Amino acid sequence: MTDVPLTLLGGYLGSGKTTLVNALLRDASRRIAVLVNDFGAVNIDADLIRRRGATTLELANGCVCCSLVDGMASAMVALAGLDPRPEYAVVELSGVADPSAMATWGRYPGFTPGGVLVCADAETVRTRAADKFVGDTVTHQLATADLLLLTKTDLTGERQAESVRAWLSRTAPGVPVADAAPELLLDPPLDTAPGPVGSGPAPDSGGSGPAHAARGAAASGLAPASAMPGSAGHGPHAVHHAWAGESAVPVDRGALEAALDALDAGVVRVKGVVRLAGAPDRRTVVQVVGRRRELTDDGPWPDPAVPSRLVAIAVHADAAADAARRLSRSSPAGPALTRTRTPPSAPGPAPPA
Amino acid sequence: MSSPSDLVIYPAKLVRTMDPARPTAQAIAVYGDRIRAVGTVEELRTYGDATVDDRYADKVLLPGFVEAHSHAKTGGTWRHTYAGYFPRTSPDGRHWPGCPTLDAVLDRLREADAALADPDEPLVAWGMDPIYYPGERLVGAHLDRVSSTRPIFVMHASGHLATVNSALMRRDGITRDTRVEGVMRRPDGEPDGELREMTAMALASPYPQLGPVVLDEDMLWDFARDGRNHGVTTLADLGSRMLMDDDGVAVYENAVLREDYPARLSVFHWGLRAGTEIAAPADAVPRLKELRDARSHPKLHFGHVKFVLDGTVQGFSARLQEPGFLGRPNGIWVQTPEEFRAAFTVFHEAGLMVHVHCNGDQATELFLDTVEDALAAHPRWDHRHTVTHSQLSTPAQYRRMAALGMCANIFTNHLYYWGDQHLDISIGVDRASRMNAAATALRSGVPISIHCDTPVTPLNPLHTAQTAVTRRTASGRSIGAYERITAEQALHAITLGAAYMLKLDHAVGSLEAGKYADLAVLGADPLAVGDALADVPVHGTVVGGRHFPVPSS
């Protein structure tokens, strides 16, 4: 049974967490479970609600929303018991919570860490960080995140947003900053069928599904990443880019780790299931969320015909190209993670038309 | 309203009224649920035909004590096994000796194991505090000696750790492959039974059940019996999540309005809006006013509100101003200052009284700033907003409280139960000597009470008063001799002082004509025992003229 990635979403009051969660739930194409502090703030159209219980809300699209009112332990027990299991879980923390301290829940049985994401409100974060009561709380949230999501840049304009990004790079050194978009809460899906979409040069086309993927992996030639529109309304940086690659040949662990460590900070998420050269009969899950990088063993490799796969999301095209360049070199056989594809839709919610 | 034959005169060894206008008397006359007068028996006979009841002739009568910070769910903790270092009395009157050694803890668990009929029912124990067993560490192997088949879960007093046995780990699937941080391990990699922090503790199936307890009538009865056993006749339940619907209020009414229910309750609304079952402040206001005006009863009071701003001092989670904890970062806010300000302002404008949990002085500061702003925008007289716990409030803050018309309910019991840790570990000798500054508060003119916060520390106002007088830690060390208060001041704090901040001082807290006949029945005068107030025996209480003797006495 595959563990459910658990994303922790923090950030101070008014930093945009609830807006992201609402957007995620509304447009979800995957079965997502969300734990929320304030059940009343979940703003979902009534006709999307299938069932409303005392502490759970079931949506027509299969998503579930659970209240944290009885505490994290009770909510996690309830979450672990959901049937069918969600593909993904997101915890929306209170404005004063320390998200990094909650990260231990990512190892609760049945779950795997999905990253600690913290929203930073471009309008107010600097004022909040200087507040005599909550300044240390806000600063700690920012500095211990895996990835920062900048929100409300549409209200501030690009100039202030740029100034806030520069301030964040000093306040939270080493923590990548991405313009907020709901799809960044989740790992990119690995099972998206390849296909040419987006604005970049068309990747290797023709056919779809695993058979094609395997064929593609044997081919060579690295196409540039394609642009993938993110959610509108998050400023000019809210267009996210994806790159995906496959390899039929086992991947060298050292080369892969070196490539992950060297990735451009604009590569905000990588998810993969790979066969390592040192353990070709094992599934190794690769995950990057901002500055968090992890390779974990996930049981035996099911079928030798299935290739290793990696998907990366970047906040700009250069970063996606960087991911493509570095990750495609991490196979001992040279550029084996070679085929670029762009998911037909954004991971998670579909982009607005 | 009373016929003369209703009048009952209770001669006593001494009646200590806590009313400075008539501080002592030989007897008290009661009609119905009220006090007619205090005086000599001869004086009291002049109020008409009266029965003289000698049952308290060799007792000392004080106003029933008032506890302004306690939790009705305390009764629920006694459904599990007490395994703490300090002796405690459960509400049924049973005395539980403290467990002075780890072996005594295991003996306690063996007794509990033998008492459980169902061999599969988990044994859950609470109160175990490893700091009293230095050099030893409770692990699963110890508990396996109690039972190899019954799951055992021992919650530590800190609330941050638990120890479980092998049977529990087998049943709940805690193995060498469990990756959760906080699952402590033996050198061979097997879990050793100690679970640190919430994520690890939540692996044990009994843990989530220890979370928010749903209050029921049995707990309310135990709450009041606990009060009776310690001379308490008025208790605050600070606060309740059950007041917004009639079913919740009925739980209180069904217990407290019974004539034989041995206490008055003031039930505060839990104002912290953490989920759906807590109403928004604007919605809570009309409901609380309705409860206050139409549903309150002489024994059951509604209308006040409780908030929590920070964590605890011993847990390093309180919010401190400079210079903070000893070598640890500042603590946590339980809610954002913005949300607190907004909610507080709604209740303040509506004329309701608010008590706010502030352990650290930065939490106090936020509350004072908030009250100051609220008063500037919406002046109110006699609001009695109260800083509750007020453990690290500074002299400057007490001066502000006085200026703002606020009260302080001081967590004096901490000096005894955690004083040694405060001196050595959390804040150091200087600051610990200043904490729970009852003398500073009184010098500043702030009305105070002192409290236990049961179940956090045991309900026992005479012991709380003794601690305020002696400022001795559990190990006997002095903690801030200049903040000691007199026994008279301490007795005032646990009677009228507490009644004042519940806005019940017109009705309880002293023995005056017309007030409720609520008495603490004691074996000696607490002002004639030096500083050994806690040694004064409690024989029972009188609530509204009804007698509630402690069962064993």
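## Two loop residues with positive phi

B:Arg471 sits in the loop that runs between α18 (461-470) and α19 of chain B. This is a predicted model, and in it phi of B:Arg471 comes out near 45 degrees, a positive value in a residue other than glycine. Is B:Arg471 buried or exposed? With 26 other C-beta atoms within 10 Å, it passes the cut-off of 20 or more, so B:Arg471 is buried.

B:Asn436 tells a similar story in another loop, the one between α16 (429-434) and α17 (438-444) of chain B. Phi of B:Asn436 is also near 45 degrees, again positive in a residue other than glycine. B:Asn436 has 30 C-beta neighbours inside 10 Å, so it counts as buried too.

## Cis peptide bonds

Chain B also has some cis peptide bonds worth a look. One joins B:Leu238 and B:Gly239, with omega at about 0 degrees. Where does B:Gly239 lie? It belongs to strand β15 (residues 232-240) of chain B.

Another cis bond runs from B:Glu322 to B:Pro323, with omega near 0 degrees. Here the proline is in a loop: B:Pro323 lies between β18 (305-308) and α11 of chain B.

## Chain B as a whole

Stepping back, chain B is built from 19 helices and 25 strands. Its radius of gyration is 24 Å, close to the 24 Å that the globule rule gives for 553 residues, so chain B is as compact as a globular protein of that length. Along the principal axes, its C-alpha atoms fill a box of roughly 85 × 55 × 50 Å.

How much of chain B is buried? Of its 553 residues, 57% count as buried. As for how the chain folds back on itself, take the contacts between residues at least 6 apart in sequence: 68% of these join residues at least 24 apart.

## Helix α12 of chain B

Helix α12 of chain B covers residues 361-377, which makes 17 residues. At 1.5 Å a residue it should span 24 Å, and its end C-alpha atoms are 24 Å apart, so the expected span and the model agree.

The buried residues of α12(B) include a run at the start of the helix, B:Asp361, B:Gln362, B:Ala363, B:Thr364, B:Glu365, B:Leu366, B:Phe367 and B:Leu368. Further along, B:Thr370, B:Val371 and B:Ala374 are buried as well. What covers them? Among the elements doing so are the helices α11 (337-349) and α13 (395-404) of chain B, along with the strands β19 (354-358) and β20 (386-389) of chain B.

## The largest nonpolar core

The largest nonpolar core has 272 residues, and those with the most contacts inside it are A:Leu148, A:Ala312 and B:Ile28. Helix α19 (residues 487-501) of chain B gives the largest share of this core, 10 residues.

Which residues does B:Ile28 touch, leaving aside its neighbours within four places in sequence? It is in contact with B:Tyr10, B:Ala12, B:Val15, B:Ile35, B:Val38, B:Leu61 and B:Leu511.

## Where the chains meet

Finally, the interface: 27 residues of chain A are in contact with 28 residues of chain B. On the chain A side, the elements that give two or more residues are α2 (72-80) and α5 (135-143) of chain A. The largest share, 5 residues, comes from α2(A). By class, the side of chain A that touches chain B has 14 nonpolar, 8 polar and 5 charged residues.

Note on methods
Residues numbered from 1 in each chain as written. Chains lettered and ligands numbered in written order. Predicted model: local features only at pLDDT ≥ 70, side-chain atom pairs only at ≥ 80, totals over all residues. Contact = placed C-beta atoms within 7 Å. Helix = DSSP H or I, 4+ residues; strand = E, 2+ residues; numbered from the N terminus. Nonpolar A, V, L, I, M, F, W, Y, C, P; charged D, E, K, R; others polar. Expected span 1.5 Å × (residues − 1). Buried ≥ 20, exposed ≤ 12 C-beta atoms within 10 Å, placed from the backbone. Core = buried A, V, L, I, M, F, W, Y, C linked by C-beta atoms within 7 Å. Rg over C-alpha atoms; globule rule 2.2 N^0.38 Å.
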